[in-house]
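Colleague: I would like to learn how to read a model of two chains. Could we go through it feature by feature?

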Amino acid sequence: MFDSLVRRNATPNEPPANMRCINCSHFRNSPEYLEETIKGLKTMSSGHASVRMDDGICEKNDEYLSAYDWCDHFEKAKS
Amino acid sequence: MSSFEEEKSSWNESGEGEEIKPMGWKELWLKEDWWAIWLGLGFVIVALLFYANNSSLKWITLVPAIGHMGPDGVIKAGQWTDFSLIGPYFGAHFGQYIAQFIMWLAVFTVSIKALGFNLREFYPSFLFIYIFSIIIFVAGTNHTVHDLNLEPPLLALILGMVISNIIGLPKWMDTGFRVEFYIKTAIVLMGATLPFTLIIWAGPVAIVQASIVSVATWMVIYFVAKKMGIDRRLAATLGAGGAVCGVSGAIAIAGAVGAKKDHAPITISLVIMWAIVMIFALPLVSKSLHLPAGVAGAWIGTSEFADAAGLAAAKTYDDIASDPANNIKATKDAEGKTTDALAGFTLMKVIGRDSWIGIWAFVLALISTTRWDRKTGSKPNPAEIWWRFPKFVLGFLVCSIIITSVVSAHGGDIATYKKEIKPMLVAPILQLRTWLFIFCFFSIGLTTRFRELAAAGAKPFMAFTSGVVVNVILGFILSTIVFVEFWTNLGGGPVH
């Protein structure tokens, strides 16, 4: 369902669904990693909260962003 | 053609590839919000089953209540002065507290394990929380401590901060200090103590007031930050932290706009700092102004930054208002206790602000990808409004509907509610909520490590603080002038 939603909303320049941050080796979004990295997160929120959805950190671009974002430095994560 | 472009074109041509594996509906057992619902609803259903069988959960949900001698010579629970009462009290109730601790362990084991935490770390950490919670309850109801305005929520926060910042604890103990999990479960249980009719009646006013303050605060923070030359992504994240939902708002919007990695930590530091200031300031200023409890709750709901911090402030004010010596207008029960501030806060913050986080994130994601020349952002998906929605709000509403239905089934009779339903069904749920509050407030203190927080810098501090000023003043005006009659009479509004 998510795959089809992403395809439907993608603009012509955006890569296909399987080449988004969520599948990239530079992207980390485990709740434990985020709570350890983002200081203060677990004081008044949580890495396990619904508001976070699947957001995470891109270690290549040094950004905190949506799992469905993308960039030219995509490298497929090893399964 | 770059390797990325080659790969991209091959995927486009084949139309195949690995599927994205988002969490999706797995969040039903992987997100804290849903576990707050399962636990909260579970407690309410069990309480209901006991009640339906002419029994009650109250034996196991008790809260420490050391007595004091009343003018009639009878020992009453409340502001005690005689230390010799402590031993006999716990001697008489020792079995109940052991049973209660086992109950908490059993209830949390399933959820903590499902969320991926280490139970071997959680159990000793939670034992620490539980023992100190008992100490906090006992100390917080001491007459002298009460006179110092150190109600149990404030005492929990201060004690936690002293322990974490001066004494220090091993990092693994953080496993038990789950602030958001405890407070979300408590909010779900709070639904059982608020009539659904009240939520319907007060909800629109809360939404209007909260929206006015949220939009105004966000715009002040954003445009002041932009004027100072701050990156617009940080400006938007600061705005969300100050206007919408504190730390949760900050991480939701940071992800939505593709912020730099340090934008969320900077915002979080400012939110935590101001939230802790407001925990103390708002109740004390409200007390000095003799604000009715419902009015103070609404003000706290608009001007506090996080649910946990706001509930600490609101609970503190209810404790203050429950003391007749403070001469504060509030709707009180037979024991002289009020929950007007908690009700006002919950309506304002949970219904008026938290529920809208998904919309804020969607709108800002849309703006960032269409107007900010963001090269890597994907066009936002409207489904995000649901996926980012703080699901524990649903549990809050469902619990309210359940208990309201029970009361309606008894004909909505106030006398039956006061004589049977409240003491046998609602009171034990209130007690569980009170325990979760103290677990949460103590955990806030234990996880607030000032040395670890990111340095915010002068410009973000000034931008955020400009929003705090607007937020506090506008929230005060709306609560104490524009909607004052409404919030003053909150406790007398539609009841079960």
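## Reading a two-chain model

Modeller: Start with a helix. The buried residues of α13(B) are B:Ala293, B:Gly294, B:Val295, B:Ala296, B:Gly297, B:Ala298, B:Trp299, B:Ile300, B:Gly301, B:Thr302 and B:Ser303. Helix α13 spans residues 293-303 of chain B, and 11 of its 11 residues are buried.

Colleague: What covers the buried residues of α13(B)?

Modeller: The cover includes α10, α12 (263-288), α14 (307-322), α15 (340-351), α20 (458-482) and α21 (484-488), which belong to chain B.

Colleague: Before going on, how far should I trust the picture?

Modeller: This is a predicted model, so begin with its confidence scores. The ipTM is 0.89 and the pTM is 0.91. Chain B has an average pLDDT of 89, and 92% of its residues score at least 70.

Colleague: Where in chain B does pLDDT stay under 50?

Modeller: Over residues 1-17 of chain B. For that stretch the model has 12 contacts beyond four places in sequence.

Colleague: How do I describe the overall build of a chain?

Modeller: Count its elements, then look at its dimensions. Chain B has 21 helices and 3 strands. Its radius of gyration is 23 Å, close to the 23 Å that the globule rule gives for 496 residues, so chain B is as compact as a globular protein of that length. The C-alpha trace of chain B spans about 90 × 55 × 45 Å along its principal axes. Of the 496 residues of chain B, 50% count as buried.

Colleague: And how many helices and strands does chain A have?

Modeller: Chain A has 3 helices and 3 strands, in the pattern α-β-α-α-β-β along the sequence. Of its 79 residues, 57% count as buried.

Colleague: What do contacts say about parts that are distant in sequence?

Modeller: Take the contacts with a separation of 6 or more, and ask what share joins residues 24 or more positions apart. In chain B that share is 78%. In chain A it is 60%.

Colleague: How do I read the place where the chains touch?

Modeller: Count residues on each side, then ask which elements supply them. Here 46 residues of chain A are in contact with 62 residues of chain B. On the chain A side, the elements that give two or more residues are α1 (2-9), α3 (41-44) and β3 (63-65). The largest share, 5 residues, comes from α1(A). By type, the residues of that side divide into 23 nonpolar, 11 polar and 12 charged.

Colleague: In what order do the 4 strands of the open sheet lie?

Modeller: The order is β1(A)-β2(A)-β3(A)-β3(B), with antiparallel pairing. The edge strands are β1 (27-28) of chain A and β3 of chain B, each of which pairs on one side only. Within chain A, β2 (residues 56-58) and β3(A) pair over 3 bridges, and A:Cys58 has A:Glu63 as its bridge partner. Between the chains, β3(A) pairs with β3 (residues 259-260) of chain B over 2 bridges. There, A:Tyr64 has B:Ala259 as its bridge partner.

Colleague: Can residues far along the sequence be compared in space?

Modeller: Yes, by using their C-alpha atoms. B:Asp231 and B:Ala259 are 28 residues apart in sequence and 9.1 Å apart in space. B:Asp231 is in the loop between α10 (196-227) and α11 of chain B. With 15 other C-beta atoms within 10 Å, B:Asp231 is partly exposed.

Colleague: Which residues touch the most other members of the largest nonpolar core?

Modeller: Of its 164 residues, they are B:Ile253, B:Val271, B:Ala275, B:Ala309 and B:Cys440. Helix α11 (residues 232-257) of chain B gives the largest share of this core, 16 residues. Not counting residues up to four places away in sequence, B:Ala275 touches A:Met44, B:Gly246, B:Glu304, B:Phe305, B:Ala306 and B:Ala309.

Colleague: Last, what should I look for in backbone angles?

Modeller: Most residues other than glycine have a negative phi, so look for positive values. A:Asp62 has a phi near 60 degrees, and B:Asn54 has a phi near 55 degrees.

Colleague: Is A:Asp62 buried or exposed?

Modeller: A:Asp62 counts as exposed, because it has 10 C-beta neighbours inside 10 Å; the cut-off for exposed is 12 or fewer. Its place is the loop between β2 and β3 of chain A. B:Asn54, in the loop between α3 (32-52) and α4 (58-61) of chain B, has 8 such neighbours and also counts as exposed.

Conventions:
Residues are numbered from 1 along each chain as its sequence is written. Chains are lettered from A and ligands numbered from 1 in the order in which they are written. This is a predicted model: local features need pLDDT of at least 70, side-chain atom pairs count only at pLDDT 80 or more; totals for chains, interfaces and linings use all residues. pLDDT is the predictor's confidence in each residue, from 0 to 100. Two residues are in contact if their C-beta atoms, placed from the backbone, lie within 7 Å. The radius of gyration is taken over C-alpha atoms; the globule rule is 2.2 Å times the number of residues to the power 0.38. A residue is buried if 20 or more other C-beta atoms lie within 10 Å of its own, exposed if 12 or fewer, and partly exposed in between; C-beta atoms are placed from the backbone. Ala, Val, Leu, Ile, Met, Phe, Trp, Tyr, Cys and Pro count as nonpolar, Asp, Glu, Lys and Arg as charged, and the others, Gly among them, as polar. Two strands pair if DSSP finds at least two bridges between them. A nonpolar core is a set of buried Ala, Val, Leu, Ile, Met, Phe, Trp, Tyr and Cys residues joined through C-beta atoms within 7 Å.
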